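Q: Could you take one part of this model and look at it closely, explaining how it sits among its neighbours? I would like the answer to go step by step, with the reasoning spelled out.

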Amino acid sequence: MALVDQEHMDDTGLRLSEAAPGDFIALLKPRVMSLVVFTAFVGMVMAPGVPNPLLAIISIAAIAVGAGASGALNMWYDADIDAVMGRTARRPVPAGRVTPGEALGFGLVLSAFSVATLGLMANWTAAALLAFTIFFYAVIYTMWLKRSTSQNIVIGGAAGALPPVVGWAAVTGTVSMESLVLFLIIFLWTPPHFWALALFKSGDYERAGIPMLPNVAGHAATKKQIFIYALLLAASGILPVVAGFASFAYGAVAAILGGGFVWYSWQVLRMPESDVSMKPAKVLFGYSLLYLFVLFTALLADRLLASLGLVS
Ligand code: HEM
Ligand SMILES: CC(C)=CCC/C(C)=C/CC/C(C)=C/COP(=O)(O)OP(=O)(O)O
């Protein structure tokens, strides 16, 4: 209905919408991508060497634009399923405020712009990694895995884990063991982050016919998987200390945060099938966001304190 009301034809007969600027901002998935960009920023700061501040700002802006562009491509392709899920039905494309062509064009132009900017201003290794990340999320995850396998999040999570690797490469031009440790942490974090949400939104995914783990393997199996990933994640949080690029003070913060993750995942595991409120799953989803933000902030603080000689 909205599609018919708000669209008109231009002189060439092309369909145009009357989208507000806010609709194009929404296509960038700004809330999700803010944490993604923060992890890329931490990757940059952790890298050896002091980048030129202007280059650092341009690089992080290019990564932010690339992340947003991948979100726009995801929303262009997913408009059909977003339309039938309560959580996503009011997004600009399914609600008819932005046409599919506009979303696709916006995503493609911003993708090309972000990759070219990073390549020209930082280096082409970082640009290639950014292009790969956009491709992995928009094509491999969105167009293929999401609709075809319940392991979609596990494999597709690689895209969300790459930003710190891109950030590190923007400074050094290389991929290192340290940046791969940051990759591993986010890679192991993604399944419990997403499955906690998928548990209390499984009705949405059922309606859309998307094979998310709770819909395919059931809630009990998903809760077990969440708990296993929580254990692996808690252990991986300590790896920066083991690998020698973070202090014991960071290690203590990571251990407490990891303990919290395991505790809240345990509450999800113990949640009875009859608990329709799904409160423990909602709490775990919220905690997952806090966990990643605080863990990466701890890495940042650790690097700052180390540069002042306050931790080693
Ligand atoms: C393939 C990997 C991932 C999947 C499938 C996934 C899925 C989701 C979904 C479905 C939501 C709810 C979105 C909404 O309705 O707004 C969400 C929220 C969120 N995700 Fe993820 N996520 C993934 C990776 C990541 C990564 C890597 C980060 C950051 C490093 C992240 C950060 C967030 C944040 C900050 C929110 C809360 C957004 C809000 O409050 O609106 N996600 N995620
Ligand atoms: C630098 C760069 C390109 C970063 C991209 C990082 C990335 C892959 C983030 C994943 C974010 C996300 C919301 C995934 C959910 O997709 P979904 O389609 O399952 O969720 P939806 O139903 O909310 O659309």
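A: To read a packing angle, it helps to know that the axis of a helix is a line fitted to its C-alpha atoms over the stretch in contact, and that the angle between two axes runs from 0 to 180 degrees between their N-to-C directions. With that in hand, we can look at helix α4, keeping in mind that this is a predicted model.

The setting comes first. The secondary structure of the protein comes to 16 helices and two strands, and its C-alpha atoms fill a box of roughly 65 × 55 × 25 Å along the principal axes. A compact globule of 312 residues would have a radius of gyration near 20 Å, and because the protein has 20 Å, the two agree.

Within this fold, α4 covers residues 53-77, and one of its partners is α7, which covers residues 124-148. The two helices pack at an angle of about 15 degrees, with their axes 9 Å apart. Angles under 35 degrees count as roughly parallel, and α4 and α7 are therefore roughly parallel to each other. As for handedness, α4 passes α7 in a right-handed crossing. On the α4 side, the residues that meet α7 are Ile63, Gly66, Ala69, Ser70, Leu73, Asn74 and Tyr77, while α7 brings Leu130, Ile134, Tyr137, Ala138, Thr142 and Met143. By class, the residues of this contact divide into nine nonpolar, four polar and no charged.

Another partner of α4 is α6, a helix of residues 100-121, and here the angle is about 155 degrees, with the axes 8 Å apart. Angles over 145 degrees count as roughly antiparallel, and so α4 and α6 are roughly antiparallel to each other. Their crossing is left-handed, and the residues of the contact divide into 19 nonpolar, seven polar and no charged.

Helix α4 also takes part in the surroundings of a ligand. Which residues come nearest to ligand 2? Of the 19 residues around ligand 2, they are Ala67, Thr133, Tyr137, Ala159 and Gly160. The elements that give two or more residues to this shell are α3, α4, α7 and α8, and α7 gives the most, with six residues. Tyr137 thus appears in both settings, as one of the α7 residues that meet α4 and as one of the residues that come nearest to ligand 2. By class, the shell around ligand 2 has nine nonpolar, seven polar and three charged residues.

One further helix of that shell, α3, can be followed a step outward. Helix α3 (residues 30-46) packs with α16 (residues 279-307) at an angle of about 20 degrees, with the axes 10 Å apart, which means that α3 is roughly parallel to α16. This crossing is left-handed, and the residues of the contact divide into eleven nonpolar, one polar and one charged. Among those in α3 are Leu35 and Phe38, and among those in α16 are Leu289 and Arg303.

Ligand 1 is surrounded by 18 residues, of which the closest are Arg31, Val32, Leu35, Gly156 and Gly160. The elements that give two or more residues to its shell are α3, α8, α10 and α16, and by class the shell has ten nonpolar, six polar and two charged residues. Gly160 is therefore listed among the closest residues to ligand 1 and among those that come nearest to ligand 2.

Key
Residues are numbered from 1 along each chain as its sequence is written. Chains are lettered from A and ligands numbered from 1 in the order in which they are written. This is a predicted model: local features need pLDDT of at least 70, side-chain atom pairs count only at pLDDT 80 or more; totals for chains, interfaces and linings use all residues. Helices (H or I, at least four residues) and strands (E, at least two) are DSSP runs, numbered from the N terminus. Angles under 35 degrees count as roughly parallel, over 145 as roughly antiparallel, 65 to 115 as roughly perpendicular and the rest as oblique. A crossing is left-handed if the near helix is turned anticlockwise from the far one by less than a right angle, and right-handed if clockwise. Two residues are in contact if their C-beta atoms, placed from the backbone, lie within 7 Å. Ala, Val, Leu, Ile, Met, Phe, Trp, Tyr, Cys and Pro count as nonpolar, Asp, Glu, Lys and Arg as charged, and the others, Gly among them, as polar. A residue is near a molecule or strand if its C-beta atom, placed from the backbone, lies within 6 Å of it. The radius of gyration is taken over C-alpha atoms; the globule rule is 2.2 Å times the number of residues to the power 0.38.
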